[in-house]
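Biologist: I would like a close look at a single strand in this protein, with its partners, its side chains and its place in the fold. Please define the terms as you go.

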Amino acid sequence: MSWVLDLHGVTVRRGATTILDALDWQVADGERWIVLGPNGAGKTTLMQIASARMHPTSGTATLLGETLGRVDVFELRPRIGLASAALAEQIPGDELVRDVVVTAAYGVTGRWREQYEELDTERATELLRAFDVDALANRTYGTLSEGERKRVQIARALMTDPELLILDEPGAGLDLGGREELVSALAELARDPHSPVLLLVTHHVEEIPPGFTHMLLLGPHGAVQAAGPLEEVLTSQNLSAAFGLDLLVAHGGGRWLARAATPAATQGRHQERHQERSTLPNG
Ligand SMILES: Nc1ncnc2c1ncn2[C@@H]1O[C@H](COP(=O)(O)OP(=O)(O)OP(=O)(O)O)[C@@H](O)[C@H]1O
C-alpha cells in the first residue's frame, strides 16, 4: 500500500529532552485523522515533521512518497497545506482577506505581485465561499474575529489544492459559536471525497467533527497511547491513560464528550502540581 504518511521510529530530541520517542504512524488515502494528547505531548512537533518543516533526529518520515532528507522540501511543501498558530502570526494585519488566501498559491504572506492569475483569484473566492467568509474578502485580516481568521487560514491552506491538509489546533481561542461553526465547516470538508487527507490536532474531544475516521492518541513525551479507527481508540480507558486522569468518554449524534469520572479524579493532578510548585526554589 502506498501511504500518504509513513513514519518509522521517528524520534525528536532537543538537548536532553526527548520530544517524540520512536513513533510509528501510517496514514492512508481518504483517511481523516484526529491527533489528540495533553499539553507538551509533542503534537505540534509531529505536525512540523508531517508538513516537511522539520526533520526527525532519527527514524524515517515519508510524506506523499518522498522521504525527508532525500527530497527538496521546497518542492514537497506546496503539496501539504498547513494552518497553525505559528503561520498565522506571519500574516500581516493590513493584508486584504482575499490576498491572504491567494498569496498561498505563491508560498508567500504579504502581497508581492500586482497581477495574479485569474484562476487563482477564482479559486480563492471559491474557498472563501466554502468557509462562509466570502463577504469579508475586501476587509483587512486584522479586523476579523478569531473565528473568521481561523476559517480564512484554512481556506489559505487549501489554496494550493494540497494532497494532505494539516490543521494544528484550529479551535484554539474560539467561543462556543465559533467552535460549532468550525466543527460544521470541517465536517463538510471531511465528508467531501475530493478533500485531501486531513490531520486535525486538538486538545478537546468536543472539537472532533463528524466524518473523522481515525485517531492518534499521544501520551507524555510523544509516546503513542493508541492509534487506529476513531471509535476503537477514543475510549475512556485510553483517554484516561493518555491524560493521567480518570476520564469518561461519551459519544452521540456524531459528536464526542469527555469529563472527569468523579470530582476526586482530578485530585492526583492537583497534588502533582502542588508538589511541583513546592520543589521550585521559591515554591
Ligand atoms: N526547540 C525546543 N527545545 C526544547 N524543547 C522543546 C523545543 N520545542 C519543543 N520543545 C518541548 O517539546 C515538548 C512538546 O512540544 P509541542 O509543542 O510539540 O507539544 P504539543 O503537544 O503541541 O503541546 P501543546 O498541546 O501545549 O500545544 C514541550 O515540552 C516543549 O516545551
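Modeller: Two strands are said to pair if DSSP finds at least two bridges between them, and the strands themselves (E, at least two residues), like the helices (H or I, at least four residues), are DSSP runs numbered from the N terminus. This is a predicted model, in which local features need pLDDT of at least 70 and side-chain atom pairs count only at pLDDT 80 or more, while totals for chains, interfaces and linings use all residues. Residues are numbered from 1 along each chain as its sequence is written.

The strand I have chosen is β9, residues 214-218. On one side, four bridges join β9 to strand β3 (residues 32-36), and these two strands run parallel; within this pairing L36 stands opposite L217 of β9. On the other side, β9 is joined by five bridges to β10, and here the two run antiparallel. L217 has A226 as its bridge partner in β10, and L218 has V224. L217 is thus a residue with a counterpart in β3, namely L36, and another in β10, namely A226. The connection between β9 and β10 is a hairpin with five residues between the strands, and in that turn H221 has a positive phi of about 60 degrees.

As for the side chains, in a regular strand they alternate between the two faces of the sheet. In β9, H214, L216 and L218 point one way, whereas M215 and L217 point the other way, and all are buried; a residue is buried if 20 or more other C-beta atoms, placed from the backbone, lie within 10 Å of its own, exposed if 12 or fewer do, and partly exposed in between. The strand is accordingly described as mostly covered, with five of its five residues buried, while for the protein as a whole 36% of the 283 residues count as buried.

Stepping back to the sheet, β9 belongs to an open sheet of six strands in the order β6-β7-β8-β3-β9-β10, with mixed pairing. Its edge strands are β6 (80-83) and β10 (224-229), each of which pairs on one side only. From one strand to the next the twist averages 10 degrees, where axes are lines fitted to C-alpha atoms, for helices over the stretch in contact, and angles run from 0 to 180 degrees between N-to-C directions. Helix α6 (residues 146-158) packs on this sheet, touching β6 and β7 (164-168), and its direction makes about 165 degrees with that of β6; contact here requires that the C-beta atoms of two residues, placed from the backbone, lie within 7 Å.

The protein also has an open sheet of four strands, ordered β2-β1-β4-β5 with antiparallel pairing. At its edges stand β2 and β5 (66-67), each with a single partner strand, so one side of each is left without a neighbour in the sheet. Inside this sheet, five bridges join strand β1 (residues 5-14) to strand β4 (residues 58-63), which run antiparallel, and L5 has L63 as its bridge partner in β4.

Taken as a whole, the protein contains ten helices and twelve strands. Along its principal axes the C-alpha trace spans about 60 × 45 × 45 Å. Among contacts with a separation of 6 or more, 59% are between residues 24 or more positions apart.
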